[in-house]
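Colleague: I am new to this structure, and I would like a close look at one single part of the model. Please choose a part, describe it carefully, and then connect it with what lies around it.

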Amino acid sequence: MKHQDQVVLVTGAGQGMGETIVGHFANAGAKVAAVDINPEAVAETAKALNGDTTGNVIGIAANIADSESVRAAVATTVEKFGRLDVIINCAGVGSIDEFINTPDEHWDKVIGVNLKGTFLCCREAAKVMTEQGSGIIINVSSTAAMTGEGPSHYCASKAGVMGLTRSISRELAASGIRVNTIIPGPTNTPMMADIPDEWTQQMIAAIPLGRMGESEDIAKAASFLASDDSSFITGQNIAVNGGMSFI
Ligand SMILES: NC(=O)c1ccc[n+]([C@@H]2O[C@H](COP(=O)([O-])OP(=O)(O)OC[C@H]3O[C@@H](n4cnc5c(N)ncnc54)[C@H](O)[C@@H]3O)[C@@H](O)[C@H]2O)c1
């Protein structure tokens, strides 16, 4: 039980990587707050897991782009479980736009969820963790931010997450809080479901290990970063992408 009694909040927990991460931690003994903007999806995540674990998963509907909603989600977690040891900021959105035709609303939405939303979650979690004198923050970026192979708002938002991680890791280290980013490569989740098969084959051809990532690959990296095995690692942006290079 690697994460026995750790209190973990996961955003984007309604499907994809976030949902898998909730299961991974719950099955390793953690008490998990599963947060998503989609109330039905997050209720399903909690219900499915409480059937075969200790019942220590709660679903919370919240919009990470809204500061009051984030405040309430963190407060509910602390009310229910008494503390907050780990936050994993997985919620994210994409939008396919050609740069010169990018509507303002699409720019604001993608930056608002992926970058501002991650900032709001980090800030609210850090308040609790600073009081505790310990905590672990794990953000989620994207290989697209490094290669540029993605729309401008998405790449900018995910590059911003890496800068955010580096900055706040320095400021929060004195409070016993570690902050790192996972940089996934192309990963099999509902976000990738509508991508044409031809594009998928091109992506796989660019991955030295010869396959798409799976949500469980990301969950295992999150588990490492949330454990004492990584106790001297902070401020790092760690790629989990089958060896894709992006220098
Ligand atoms: N799948 C990939 O290939 C890939 C690659 C690199 C990075 N990522 C990143 O990994 C993370 C997880 O991706 P995924 O593939 O599991 O995506 P997904 O679309 O399958 O799931 C994302 C979840 O986030 C939730 N969400 C969206 N906006 C929200 C908001 N404002 N507040 C709360 N929840 C919200 C959605 O409802 C959904 O349940 C995202 O940040 C994504 O950008 C994904």
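**Strand 6 and its surroundings**

Modeller: Strand 6 is covered on both of its faces, since Ile177, Val179, Thr181 and Ile183 are buried on one side, and Arg178, Asn180, Ile182 and Pro184 are buried on the other. Here a residue is called buried if 20 or more other C-beta atoms lie within 10 Å of its own, exposed if 12 or fewer do, and partly exposed in between, with C-beta atoms placed from the backbone. The model is a predicted one, in which local features need a pLDDT of at least 70 and side-chain atom pairs count only at pLDDT 80 or more, while totals for chains, interfaces and linings use all residues. Residue numbers start from 1 along each chain as its sequence is written.

The split into two sides follows a general pattern, for in a regular strand the side chains alternate between the two faces of the sheet. Strand 6 covers residues 177–184, and because eight of the eight are buried, it is largely enclosed by the rest of the structure. Helices and strands are DSSP runs numbered from the N terminus, with at least four residues for a helix (H or I) and at least two for a strand (E).

Two neighbouring strands pair with this one, where pairing asks that DSSP finds at least two bridges between the strands. Strand 5, residues 135–140, runs parallel to strand 6 over six bridges, and Ile138 stands opposite Asn180 there. Strand 9, residues 237–240, is also parallel to strand 6, over four bridges, with Ile183 standing opposite Ala239.

Taking a wider view, the protein chain holds eight helices and nine strands, and 47% of its 247 residues count as buried. Among the helices, helix 1 is mostly covered, with eleven of its eleven residues buried; they include Gly16, Glu19, His24 and Phe25. Helix 1 (16–26) and helix 4 (104–132) are the elements that each give two or more residues to the shell around the ligand, and the largest share, three residues, comes from helix 1. That shell has 29 residues, the closest being Gly12, Gly16, Gly92, Thr189 and Met191, where a residue counts as near if its C-beta atom, placed from the backbone, lies within 6 Å of the molecule.

Helix 4 also gives the most to the largest nonpolar core, with ten residues. This core has 67 residues, of which Val10 and Ala34 touch the most other members; such a core is a set of buried Ala, Val, Leu, Ile, Met, Phe, Trp, Tyr and Cys residues joined through C-beta atoms within 7 Å. Leaving out residues up to four places away in sequence, Val10 touches Gly18, Ile21, Val22, Val32, Ala34, Val35, Ile88 and Cys90. Contact between two residues is taken to mean that their C-beta atoms, placed from the backbone, lie within 7 Å. In the protein chain, 73% of the contacts with a separation of 6 or more are between residues 24 or more positions apart.

Two further residues show contrasting surroundings. Ala30, found in the loop between helix 1 and strand 2 (31–36), is buried because 28 other C-beta atoms lie within 10 Å, whereas Asp5, in the segment before strand 1 (7–11), is exposed because 12 do.
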